[in-house]
Amino acid sequence: MDINGTGTTTTTARHRPTQGAGGPPGGEEPCDLVTVPARQGLEAVDILRRAVAPAAVGPVVHDGACDTLGFLVPSGTAAAWDVPGSACTETSGRGLRIPGLPAEPPVSGGGWLLPPDAVAVTDPAVLRLALGEAARLIEAADGITEAGGR
């Protein structure tokens with residue numbers, strides 16, 4: 001289902017929406033981390049939370065300076081992640097695991113924007129759509145601001 005629930009979509013052959021994006025909440029399932037600039041990440045979180053399935057967004061961390069946000073996604077996502085302006089760190093289960101509450105976030109010096117809860121990780125296909133929509137919204141807003149300032 002797409003972000004607005006209007007139909008089925010695939011974002012790439014490698015990132016198709018999945019039924020269960022991760023293991024049990026607060027479990028010890030390995031995961032990867034998609035990092036984006038904070039502005040785009042916050043827009044994406046809003047988009048995901050307004051979606052037909054608001055539980056589609058899993059845990060989100062921020063760095064200490066709040067310059068970037070990180071979305072926990074299923075392990076193996078990094079191998080096929082190619083969204084411009086973002087990075088996906090492959091962990092192969094080496095240390096980055098979804099901690100149970102009240103654990104520390106997996107980013108040193110950071111904190112939870114959305115702590116682990118009902119959804120273990122964010123589906124990468126759904127995240128890809130939300131990040132794309134967020135980028136378009138930011139671009140449009142910046143274009144309006146620039147046009148209004150002339």
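**Exercise 1.** In this predicted model, determine how many aromatic pairs there are, and then find which ring the charged end of Arg128 sits over.

*Solution.* Begin with the rings of Phe, Tyr and Trp, which pair if their centres lie within 6.5 Å; by this rule the count comes to 0 aromatic pairs. Next, turn from ring pairs to charges over rings: the charged end of Arg128 lies over the ring of Trp81, at 5.2 Å from the ring centre.

**Exercise 2.** Establish which residues have the most contacts inside the largest nonpolar core, and which element gives the most to this core.

*Solution.* First, set out the chain, which holds 2 helices and 5 strands in the order β-α-β-β-β-β-α along the sequence, with 41% of its 150 residues counting as buried. Second, consider the largest nonpolar core, which has 21 residues and in which Val34, Leu48, Val60, Phe71, Trp81, Leu127 and Leu131 have the most contacts. Third, assign the contributions: strand E1 (31–37), helix H1 (38–50), strand E3 and helix H2 (124–148) each supply at least two residues, and H2 gives the most, with 5 residues.

**Exercise 3.** Describe where Asp63 is found, and work out which backbone nitrogens its side chain reaches.

*Solution.* Locate Asp63 in the loop between strand E2 (60–62) and strand E3 (68–74). Then examine its charge: Asp63 is buried yet has no salt bridge, and the nearest side chain of opposite charge, that of Arg39, is 15 Å away, whereas a salt bridge requires a distance within 4 Å. Finally, turn to the backbone, where the side chain of Asp63 reaches the nitrogen of Cys66 at 2.7 Å and that of Asp67 at 2.7 Å.

Notes:
Residues numbered from 1 in each chain as written. Predicted model: local features only at pLDDT ≥ 70, side-chain atom pairs only at ≥ 80, totals over all residues. Heavy atoms only, no water. Helix = DSSP H or I, 4+ residues; strand = E, 2+ residues; numbered from the N terminus. Buried < 20%, exposed > 50% of the residue type's maximum accessible area, 1.4 Å probe, protein only. Lys, Arg positive; Asp, Glu negative; His and termini not counted. Polar contact = N/O pair within 3.5 Å; in protein donor to acceptor, adjacent residues only side chain to side chain. Phe/Tyr/Trp six-rings, centres within 6.5 Å; stacked < 30°, edge-to-face > 60°. Lys NZ or Arg CZ within 6 Å of the ring centre and 35° of its normal. Core = buried A, V, L, I, M, F, W, Y, C linked by side-chain atoms within 4.5 Å.
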